[in-house]
Amino acid sequence: MSSVLSEPYFHDEEKAFEALERIVWPNGPHCPHCGATDRLNRLAPQRSKPSKKHPTGRPVYGLWKCYHCRGQFTARKGTLFEESHVELHIWFQAAHLLCSSKKGISSNQLHRVLGVTLKTAWVMSHRLRAAMDDGMLPPLGGEGAKVEVDETYIGGKSTNRHHQPPQAPTRAWP
């Protein structure tokens, strides 16, 4: 029995786009700009603009063109993957790790496992958790109820304050 992580869409960007298109467009592609379902063509993989990290540019997969409004789009449009520079197969790996872990997974662990920066892992985990939220949880404590906490510690030592220099204690000499 093979692992689900051996599926091609977890390792290949082109296969990841094919899987996302099957999920997002079960009845075929449609233009997110004008809503057209006909006169749509898949464009050949192109290259993005060159950058320091990718001097020849990165391949852009899953690009479609609508000949009604002349707009270009991918299956990422309108999903949590939109406007992300992270490759789609990395997103799929993160979603699998987040959903298959019994107690969830931290952003630090995503950062280590996926090889992305900590900030990127934090954004990915927040987007994935927000996408899983169905809004059906009631407010903590119930509607209009107060929530009490056992202990609260506010403040700290005045020597740990950084916005003002520490003041010398004044002593009253007898």
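Okay, so Arg42 and Glu21: their side chains meet in a salt bridge, with N to O at 2.8 Å. Keep in mind that this is a predicted model. The pair ties together distant parts of the chain, since Arg42 sits in strand β1, residues 40-42, while Glu21 belongs to helix α1, and they're 21 residues apart. How exposed is each partner? Arg42 has 46% relative accessibility, so we call it partly exposed. Glu21 is down at 9%, which is under the 20% cut-off, so that one counts as buried.

Now, how many salt bridges does the rule give us? The count comes to 3.

Helix α1 turns up again in the next one. Glu13 pairs with Arg76 at 3.9 Å, N to O. Here too distant parts of the chain are linked: Glu13 is in helix α1, residues 13-24, and Arg76 is in the loop between β5 (72-73) and α2 (88-100), 63 residues apart. Both Arg76 and Glu13 are buried.

Then there's Lys77 with Glu82, where the closest N and O atoms are 3.3 Å apart. What about burial for these two? Lys77 has a relative accessible area of 38%, so it's partly exposed. Glu82 comes in at 23%, and because buried means under 20%, that residue is partly exposed as well.

Last thing, away from the charges: Ser107. You'll find it in helix α3, residues 107-114. Ser107 is buried, with a relative accessible area of 12%. So what does Ser107 touch, leaving aside neighbours within four places in sequence? The contacts are Leu118, Ala121, Trp122 and Ser125.

Note on methods:
Residues numbered from 1 in each chain as written. Predicted model: local features only at pLDDT ≥ 70, side-chain atom pairs only at ≥ 80, totals over all residues. Heavy atoms only, no water. Helix = DSSP H or I, 4+ residues; strand = E, 2+ residues; numbered from the N terminus. Buried < 20%, exposed > 50% of the residue type's maximum accessible area, 1.4 Å probe, protein only. Contact = heavy atoms within 4.5 Å. Salt bridge = Lys/Arg side-chain N within 4 Å of Asp/Glu carboxyl O.
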